[in-house]
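Hi,

Here is the structure I promised to pass on. Please have a look, and then read my notes underneath.

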Amino acid sequence: MTNNTTSADALRARMVDKVRAKGFAANSRVEQVLRDMPRHDFVPGHDLDTAYHPFQAVITHRFADGSSLSCASAPFVVAMMLDQLDVRPSDRVLEIGAGTGYNAALLADLTGDTQLVTTIDVDPDVTTQARRNLNAAGYGDVRVVTGDGTDGVAEHGPYDRIIATVSPWNIPPAWWHQLTPVGRMVLPLRWRGQTRAVAFADQHGTLVSDAVELCGFVNLTGETEGEQSGAITDDSTISLHWDHDQPLDPNKLHGVLEAPSITRWSGHTMGGNEPFDGIWLRMTAEDNRTCRLNVHPDVPNEVADPLAPMRSPALAAGESLAYVTKHRHQTDNGSRWELGAIGHGPAERTRDSTSDRGSWARRIARATDG
């Protein structure tokens, strides 16, 4: 365990270097505040190696079931979203989700005035921790509010920048109303089973997205839930997650994985560490039946073999289901994984899979190609 100032400075510098190498903290001002801010002061009780890991969050509060309630987001995600937010000097900023206070302190340095930053969280334990950490780090003038983040904090607005570090399914009207006409907001929105940090600019009364990045956050508390979920096996080891505007009934899909299947391969291969989130985004844009398949790691491959067990894109409707899968090819340069799809149910049996319209499995396979 490292435990001295010199080590903290060295670890922080290495953290930022690694984040920069991945393409984040591209904004020079974001890079500088990350280099200057003692992140370990905002996660007391954790060692320096944990505090300065560039790609891991630090969990600080949990729900009774053990799931994460609050955390210090991974530094690369912090940098990514601050790049998107593009805070300018003298901007008034609202943060939804106080966390440890670390992000609010970074925002204060970016805007140049601690009194221009307001952070809100529904959990009093979280705001107490954030207030304590901010005071100790010299950011006592940052406003920390305990309340429902979906309402924003109108009394300190309007805001030039709004950032959420909790994940909503939709944009609460209060946030838009509290944004200045030329403002920006960055939100980790959830839709069709995925979460992406979306940057919006207000252009003549319309919010227009100009940047989208894959991420993952704790859900926004107090919001009307837009995402539904349900098991499709008797032992609940396999479930689907879908949005409430999709007419999906998980009861109709019980036993679908026991039905005969069709597998289609795309011919497209990827390395083990290559991202596949572009497939999900493409499927979302092309087919409103896109959802997420969640398979417990103990489920045998012969029952279900998704690309990523806990978060594989799928198509589901009625009594049919298809999902993205992979299989290994050994090459002279090591292992490669060919992407494809497995489909079950009437949609596979009744369509001519050789036609241009194709089966659901073929439709997904086409989405993975390219």
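Below is what I found about the salt bridges. Please keep in mind that this is a predicted model.

The structure holds ten salt bridges, and a few of them caught my eye.

Let me begin with Arg-184, whose salt-bridge partner is Asp-210, with 2.8 Å between the closest N and O atoms. This pair links distant parts of the chain: Arg-184 belongs to strand β7 (residues 179-191) and Asp-210 to strand β9 (residues 206-214), 26 residues apart. Arg-184 has a relative accessible area of 13% and is buried, while Asp-210, at 45%, counts as partly exposed.

Next comes Arg-192, which turns up in two pairs. One is with Asp-243, where the closest N and O atoms are 3.0 Å apart. Asp-243 lies in strand β11 (residues 238-243) and Arg-192 in the loop between β7 and β8 (194-203), so this salt bridge ties together parts that are 51 residues apart in sequence. Both partners count as buried, Asp-243 at 2% relative accessibility and Arg-192 at 12%.

The other partner of Arg-192 is Asp-245, and here the closest N and O atoms are 2.9 Å apart. This pair also links distant parts of the chain, with Asp-245 in the loop between β11 and β12 (261-270), 53 residues from Arg-192. Asp-245 is partly exposed, with a relative accessible area of 45%.

Finally, there is a network of salt bridges that links Asp-17, Arg-20, Glu-31 and Arg-35.

Happy to talk it through whenever suits you.

Best wishes

Conventions: Residues are numbered from 1 along each chain as its sequence is written. This is a predicted model: local features need pLDDT of at least 70, side-chain atom pairs count only at pLDDT 80 or more; totals for chains, interfaces and linings use all residues. Side-chain values use heavy atoms; hydrogens and water are left out. A salt bridge is a side-chain nitrogen of Lys or Arg within 4 Å of a carboxyl oxygen of Asp or Glu. Helices (H or I, at least four residues) and strands (E, at least two) are DSSP runs, numbered from the N terminus. Buried means under 20% relative accessible area, exposed over 50%, partly exposed in between (1.4 Å probe, protein chains only).
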